[in-house]
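Reader: I have a chain open in the viewer and would like to go through it with you, jumping around a little. Could you keep the answers plain?

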Amino acid sequence: MNDTKAQVLTFLEKCEELKNCKFIMATTKIKDILKCIVNNSELYSLFDTVTKNFDYLEAKNKCLVTVDDGLYGKSCVILPQRVGERLAFIFCLLVEFDRDTLNFNSFLQRYYPKDGSYISSYRAFCGSIINSLEDMIRQVFREQFEDEEETYEPAPRADSLRAKLISEISLNISSEKQYILQSPIPKEEKEGGCKMLNELNNAVKEGNEPLIDALICGYNYFVLYHKSVSDGIAPLIEALAEYEKTL
């Protein structure tokens, strides 16, 4: 595999990770995509070229649209038609999310409102913005993908790895419970958060993937609502994602 194709595949993998991650990990995965661009010479050159004379402020006025229907304003994102401008706009948008000059959660609720759920809004955002980004990158580097697709056999997941992950997750959950108990959250709310974490630990030991997903989604809402996101939540979710691959 040539270097350019390897770089592009790495970038596309980062996009897929963003699309498939838990909502609470979204800004971390956006940061990973931007790091990937900076660290890959071909991608850096591409985005440097398309953003060189790009007027992002003007593009925002055209692309982030709010229509007043007389009762309620409806907002949506209209991406530029030209590939270069679209790439530049999406790149600048991701940079704004990373720097928090444009709050990601507020953006989702305004431009991708879906039944009041952050998770549904996030999926809609990925389906529009990130899918478009992936499609354009494949289009720009299409010559690199004309060769026959390479296939990879996934490495077998041994029972020992699963046991190691269960132990790691259990420790992460214990740390998370300590964080919640020491937080300024009301006592009765702390009890609810700790109960979710206890049930999550049990679901992991039982290998109950649907329940794991349901509990982590519920816990996501809990920490976002109480604005109490610990430094340990990201390692916990990453460990859960690795564990679910072994099921």
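Reader: Let me start with one residue: in which helix does Ala 203 lie?
Author: Ala 203 lies in helix H9, which covers residues 187–206. Please keep in mind throughout that this is a predicted model.

Reader: And is Ala 203 buried or exposed?
Author: Ala 203 is buried, because its relative accessible area is 1%, and the cut-off for buried is under 20%.

Reader: Which residues does Ala 203 touch, leaving out those up to four places away in sequence?
Author: With those neighbours left out, Ala 203 touches Asn 208, Leu 211, Ile 212 and Leu 215. For Leu 215, which is twelve residues further on or back along the chain from Ala 203, the separation between the two C-alpha atoms is 8.9 Å.

Reader: Let me step back to the whole chain: how many helices and strands does the secondary structure come to?
Author: There are eleven helices and two strands, and, read from the N terminus, the elements follow the order α-α-α-α-β-β-α-α-α-α-α-α-α.

Reader: What does the C-alpha trace span along its principal axes?
Author: The trace spans about 55 × 55 × 25 Å. The accessible surface of the chain is about 14,200 Å², with 49% of that belonging to carbon and sulfur atoms, and 41% of the 247 residues count as buried.

Reader: What share of the contacts with a separation of 6 or more comes from residues 24 or more positions apart?
Author: Residues 24 or more positions apart account for 71% of those contacts.

Reader: Now helix packing: at what angle do the axes of H1 and H2 cross?
Author: The axes of H1, residues 3–20, and H2, residues 26–39, cross at roughly 170 degrees and come within 9 Å of each other. An angle over 145 degrees counts as roughly antiparallel, so that is how H1 runs relative to H2.

Reader: Which residues make that contact between H1 and H2?
Author: On the H1 side the contact is made by Thr 10, Phe 11, Lys 14, Cys 15, Glu 17 and Leu 18, while H2 contributes Ala 26, Lys 29, Ile 30, Asp 32, Ile 33, Cys 36 and Ile 37. Sorted by character, the residues of this contact are eight nonpolar, one polar and four charged.

Reader: Different topic, aromatics: how many aromatic pairs does the structure hold?
Author: The structure holds 16 aromatic pairs. One of them joins Phe 23 and Phe 104, whose ring centres are 6.5 Å apart and whose planes lie at 25 degrees, so this pair is stacked.

Reader: Where do Phe 23 and Phe 104 sit in the chain?
Author: Phe 23 is in the loop between H1 and H2, whereas Phe 104 belongs to helix H6, residues 104–111, so that the pair links distant parts of the chain, 81 residues apart. Both Phe 23 and Phe 104 are buried. These two rings are also members of a cluster linked by ring pairs, together with Phe 97, Phe 107, Tyr 111, Tyr 112, Tyr 118, Tyr 122 and Phe 125.

Reader: What about Tyr 219 and Phe 222, how far apart are the centres of their rings?
Author: The ring centres of Tyr 219 and Phe 222 are 5.7 Å apart, and because the planes are at 20 degrees the pair is stacked. Tyr 219 and Phe 222 are three residues apart in helix H10, residues 209–225, which means a separation of about one helical turn, and both are buried.

Reader: On to backbone angles: what is phi of Lys 227?
Author: Phi of Lys 227 is near 50 degrees, a positive value in a residue other than glycine. Lys 227 lies in the loop between H10 and helix H11 (233–245), and it is exposed, with a relative accessible area of 78%. Asp 100, in the loop between helix H5 (83–99) and H6, likewise has a positive phi, of about 60 degrees, without being a glycine.

Reader: Last one: where does Arg 142 lie?
Author: Arg 142 lies in the loop between helix H7 (118–140) and helix H8 (159–181). It counts as exposed, since its relative accessible area is 52% and the cut-off for exposed is over 50%. Its C-alpha atom is separated by 42 Å from that of Val 223, 81 residues away along the chain.

Note on methods:
Residues are numbered from 1 along each chain as its sequence is written. This is a predicted model: local features need pLDDT of at least 70, side-chain atom pairs count only at pLDDT 80 or more; totals for chains, interfaces and linings use all residues. Side-chain values use heavy atoms; hydrogens and water are left out. Axes are lines fitted to C-alpha atoms, for helices over the stretch in contact, and angles run from 0 to 180 degrees between N-to-C directions. Helices (H or I, at least four residues) and strands (E, at least two) are DSSP runs, numbered from the N terminus. Angles under 35 degrees count as roughly parallel, over 145 as roughly antiparallel, 65 to 115 as roughly perpendicular and the rest as oblique. Contact means heavy atoms within 4.5 Å. Ala, Val, Leu, Ile, Met, Phe, Trp, Tyr, Cys and Pro count as nonpolar, Asp, Glu, Lys and Arg as charged, and the others, Gly among them, as polar. Buried means under 20% relative accessible area, exposed over 50%, partly exposed in between (1.4 Å probe, protein chains only). Accessible areas come from the Shrake-Rupley method with a 1.4 Å probe; for residues, only the protein chains shown count as cover. Rings of Phe, Tyr and Trp (its six-membered ring) pair if their centres lie within 6.5 Å; planes under 30 degrees apart count as stacked, over 60 as edge-to-face and the rest as tilted.
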